Every structure is written in structure tokens, then in C-alpha cells.
Amino acid sequence: MDCLIKSVACNDSVRIYLVSTKKLLEERLQLNNYSENGKELFGKVLTASLLMGGGLKNDQRLSIKMKSEIDSQVIVTEVDSLGHIKGYINNPNCSAGEPLNGGFLTITKDLNIKKIYTTTIPLDYPLVQDNFTYYFLKSEQIMTFVLLSKIGGVLIQLLPGYDPKIIDSLKEVIEEYYDIEKYLEQYPPKDILKSMFNDLNILDTIDVKYYCDCSKEKFARGLKTLPKQEIETIITEDGEAEVVCNYCNKKYHFSLEELENSIKK
Ligand SMILES: [Zn+2]
């Protein structure tokens, strides 16, 4: 099973998360037809989501939306603190990939404290990973290095009180492991981490998996939020509705009666 390893190193002044996503991506890919670029982009955003999700606690959730100008690609993912992830790309068969050419990256955090935090940054960098690096610096003021691939990645983050001298050695580590996909193909995740830092301390390892929590009740609640007129049009034109979950392709059927009930006060 894929896993997320949380660790610290350099006298506990650096946080390192490493995630493997090969199996969960394979599972997700079975649901749609993907081009090589589609796989690459989608896989990288799934990896980034799980790395960012490493900081979540209890019922907290995080979602990412990457809207790229090329091919009008939209990638959406959602992750929770238990390592469950779901996501979709609107155009899995896209012909274009990196370098990106503009767009937006939106990170939404539901920290379960009645407030939802949303940050949007422009996709100013050609590589997906560099946009995430920029997000951490700009939005969270934390110096972070992010390496992403479609089968996993690494996040290295400086913690308060770090010795500025370690930045150079971190840059060397990033340079050495820049092709993170190659390492993930060859070595177990734990071995990669241990070879990166000699004073590594593993704090936690959690299984990560593709998981969709959709249900008919959730879609029914969604229907209630649609304008009444829209539902009335469906009722007169089709007399029933079928909705498909973007995340898992599961289909839900709504009968005429259920549709009529959804617009009753
Ligand atoms: Zn679903």
C-alpha cells in the first residue's frame, strides 16, 4: 500500500514528508482514459495534495484546484487527515502538460474551526512543483522545497529556529534527489528518506488510499442548492435525473418524485 511518512531531521529543525502514490494513481487511472500528460499532471497534483495533507489533524480537510490556461485544464483534489484522497481532471486526455502557461492554484483549508481558509496564487512557474513551493513562501511564509512526480514526492520544510547554514545542504539534497520518480521506482520510501538525512527521525507513517465518500444523500443536498428553475426544467424535459460523481464515476438516479421533493420547502 502507498504511504505517507512524516519525519524530522537536522536537529529537528526540518520537517520532511515523503509520499508514495503509485498504487492509488493506478487505481484512479482505471476510471478514465488518460494521456501521458494527463497522468503526469494529475499524478503530481494528487502527490502535492497528500504532502500538504500531512499537516492536517482530526476532521480537517484540504482541497486543491489547479486551473491551467492550456487546454482549460482543471484538476481538483480533496484530502483528509487520514490519508484519504479523491480527485479528478476535467480533461484526462489532455495533449499539453508542463511547462504550464498561466492559470491559478487555489488551496482551501477546512480546519474545522468554523472558518475556511482559501488562498489563490497565479501559476507563474512552468513546473507544478515550483508553484507549490511559491505557495508556501507567499501564503504561509515558510521556506519549503517540493519535489513532485506522478508516483509520489517529497516536501522539505524549514521549522522556526532553523540554522540558516543548513539551507545550502538542503539545496544539495534537493539537487541530488531532483528526479524523485527515479528513486521511488527503485527504493522503498523509508530507505529514500534515510539516505537523504543521516539524523532522520520518523514520527509517523500513515497508509494513503484513493477513497470517495460520495452518497445519494450528498447529491440530494446538492440538488437542493440548485436554482428552483433549473430543477423544474429537468422535471419537464426529462422527468428524472442521473448524476455522475466526478471523483469515482458512480451514478445516482433521481426519480421524478425525488426531484419534486427537492424543490419543496
Ligand atoms: Zn464518488
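Domain bounds, as used below, come from an automatic or database domain assignment. The structure is a predicted model.

**Exercise 1. Domains and their interface**

Determine how the protein chain is divided into domains and which residues of domain 1 supply most of the area buried against domain 2.

Solution.
1. The chain is split into domain 1, spanning 3-210, and domain 2, spanning 216-262.
2. Taken over C-alpha atoms, the centres of domain 1 and domain 2 are separated by 34 Å.
3. At the interface, nine residues of domain 1 are in contact with four residues of domain 2.
4. The area buried between the two domains is about 560 Å², with 51% of it on carbon and sulfur atoms.
5. On the domain 1 side, Leu-31, Lys-86 and Tyr-88 supply 64% of the area buried against domain 2, more than any other three residues.

**Exercise 2. The nonpolar cores**

Identify the helix that gives the largest share of the largest nonpolar core, and explain why this core lies between the domains.

Solution.
1. The largest nonpolar core has 53 residues. Those with the most contacts inside this core are Met-52, Ile-64, Met-66, Leu-105, Ile-107, Val-128 and Phe-132.
2. Helix H2 (residues 36-53) contributes eight residues, the largest share of this core.
3. Both domain 1 (3-210) and domain 2 (216-262) give residues to the core, and therefore it lies between them.
4. Met-66 illustrates the packing: leaving aside neighbours within four places in sequence, this residue is in contact with Val-45, Gln-73, Val-74, Ile-75, Leu-100, Phe-104, Leu-105, Leu-123 and Val-128.
5. Another core, of 27 residues, lies apart from the largest one; among its members are Ile-5, Ile-151, Ile-167 and Leu-170.

**Exercise 3. The five-stranded sheet**

Establish the strand order of the open sheet, name its edge strands, and place helix H4 relative to the strands.

Solution.
1. The five strands of the open sheet follow the order E8-E9-E2-E1-E10, and their pairing is antiparallel.
2. Strand E8 (144-149) and strand E10 (201-207) each pair on one side only, which makes them the edge strands.
3. From one strand to the next, the twist averages 10°.
4. Within the sheet, strand E2 (residues 14-20) and strand E9 (residues 152-158) run antiparallel and are joined by seven bridges. Ser-20 stands opposite Gly-152 in E9.
5. Helix H4 (residues 166-176) lies across E2, E8 and E9, and runs at about 175° to E9.

Notes:
Residues numbered from 1 in each chain as written. Predicted model: local features only at pLDDT ≥ 70, side-chain atom pairs only at ≥ 80, totals over all residues. Heavy atoms only, no water. Core = buried A, V, L, I, M, F, W, Y, C linked by side-chain atoms within 4.5 Å. Buried < 20%, exposed > 50% of the residue type's maximum accessible area, 1.4 Å probe, protein only. Helix = DSSP H or I, 4+ residues; strand = E, 2+ residues; numbered from the N terminus. Contact = heavy atoms within 4.5 Å. Pairing = 2+ DSSP bridges. Axes fitted to C-alpha atoms, helices over the stretch in contact; angles between N-to-C directions. Buried area = accessible area lost by both parts, 1.4 Å probe.
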